[in-house]
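User: I am new to this model and would like a close look at a single part of it. Please pick one part, go through its side chains and its surroundings, and keep the account connected.

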Amino acid sequence: MDVRERLMEAALRVFEEVGSRGATTRRIAAEAGVNEITLFRHFGSKGALLAEALHSAAQQKLEFHLPADPRDPEAELTTWCREHLEHLRRSSGIIRTCMGEMDESPEMRTCAGAGPRQVAAELTGYFERLRERGMADAGVDAGAAAGMLMGALFTDAMGRDMMPERYTYTVEEAPAKYVELLLRAIGAAPRAARET
């Protein structure tokens with residue numbers, strides 16, 4: 001791993017732990033195993049380092065994408081949700097820190113980057129294709145359906161450890177449960193309902 005990458009990873013770890021005020025250049029440099037001069041030589045300032053590190057973290061791509069030609073919405077969405085939920089759970093510390101600093105530092109709004117917009121666009125497009133192919137009710141609001149599913153996943157990733165009693169199902173079961181409910185809501189009955 002090169003020095004820039006080490007500094008960005010160190011900046012994310014320190015930022016997640018203590019926020020932007022506590023993430024001093026000295027602490028980040030020590031965490032990366034370099035001196036402060038090296039940090040400044042590569043990034044110029046703590047702000048530039050944090051901005052690049054947060055942007056880079058937000059750009060991590062999901063490996064599974066929804067198909068252009070839907071065949072099995074239940075299986076496709078469940079696989080997509082499983083990966084997306086795991087990604088959100090891995091990123092939950094950074095997301096929480098960014099959210100906690102938004103009032104004081106409005107630039108933290110860019111912490112999420114284009115990631116959520118791309119996810120929403122992919123999911124909305126998928127629901128539109130389901131509707132167009134007659135695999136969902138004709139009146140389905142694809143954007144609202146995408147928002148509901150994204151909201152369920154986000155709430156699960158951010159809230160499960162704070163309110164465990166609220167979740168009567170495991171994190172492994174969650175994607176299938178959310179997909180089943182959503183498919184029923186948009187008139188695309190899940191496999192079990194079709195079979196009965």
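Analyst: Glu 86 is a place to start: its relative accessibility is 39%, and it therefore counts as partly exposed. The model is a predicted one, and the part examined here is helix α5, which covers residues 73-101.

Glu 86 has a salt-bridge partner in Arg 90, and the closest N and O atoms of the two lie 3.9 Å apart. The cut-off for such a pair is 4 Å. Both residues belong to α5, and because they are four residues apart, about one helical turn separates them. Arg 90 is exposed, since its relative accessible area is 54% and the class begins over 50%.

A second salt bridge leaves the helix. Arg 96 pairs with Asp 161, with 2.9 Å between the closest N and O atoms. Arg 96 is in α5, while Asp 161 sits in the loop between α7 and α8, so this pair links parts of the chain 65 residues apart in sequence. The two partners fall into separate accessibility classes: Arg 96 is partly exposed at 30%, whereas Asp 161 is exposed at 55%.

Arg 96 also takes part in the packing of α5 against α7. Helix α7 spans residues 142-159; its axis and that of α5 come within 8 Å and cross at roughly 55°. This angle makes the two helices oblique to each other. Their crossing is right-handed. On the α5 side, the residues that meet α7 include Leu 77, Trp 80, Leu 85, Leu 88, Ile 95, Arg 96 and Met 99. Among their counterparts in α7 are Leu 149, Leu 153, Phe 154, Asp 156 and Met 158. Sorted by class, the residues of this contact comprise 12 nonpolar, three polar and three charged.

Asp 156 of α7, listed in that contact, has a salt bridge as well. Its side chain meets that of Arg 160, N to O, at 2.8 Å. Both of these residues are buried. Elsewhere, Asp 69, Arg 71 and Arg 133 are joined into one network by salt bridges that share partners. Across the whole structure, 10 salt bridges are found.

Arg 71, a member of that network, is located in the loop between α4 and α5. Its relative accessible area of 65% is the reason it is classed as exposed. Leaving aside residues up to four places away in sequence, Arg 71 touches Glu 76 and Met 135. Met 135 is 64 residues from Arg 71 along the chain, and their C-alpha atoms are separated by 9.3 Å.

The neighbour α7 has another packing partner, α8. The axes of α7 and α8 are 11 Å apart and form an angle of about 155°. Angles over 145 degrees count as roughly antiparallel, which is why α7 is described that way relative to α8. Their crossing, too, is right-handed. From α7 the contact uses Ala 145, Met 148, Leu 149, Ala 152, Leu 153 and Asp 156, and from α8 it uses Ala 174, Tyr 178 and Leu 182. By class these are eight nonpolar residues, no polar ones and one charged. Leu 149, Leu 153 and Asp 156 thus appear in the contact with α5 and in the contact with α8.

How values were computed
Residues numbered from 1 in each chain as written. Predicted model: local features only at pLDDT ≥ 70, side-chain atom pairs only at ≥ 80, totals over all residues. Heavy atoms only, no water. Axes fitted to C-alpha atoms, helices over the stretch in contact; angles between N-to-C directions. Parallel < 35°, antiparallel > 145°, perpendicular 65-115°, else oblique. Left-handed = near helix turned anticlockwise from the far one by under 90°. Contact = heavy atoms within 4.5 Å. Nonpolar A, V, L, I, M, F, W, Y, C, P; charged D, E, K, R; others polar. Buried < 20%, exposed > 50% of the residue type's maximum accessible area, 1.4 Å probe, protein only.
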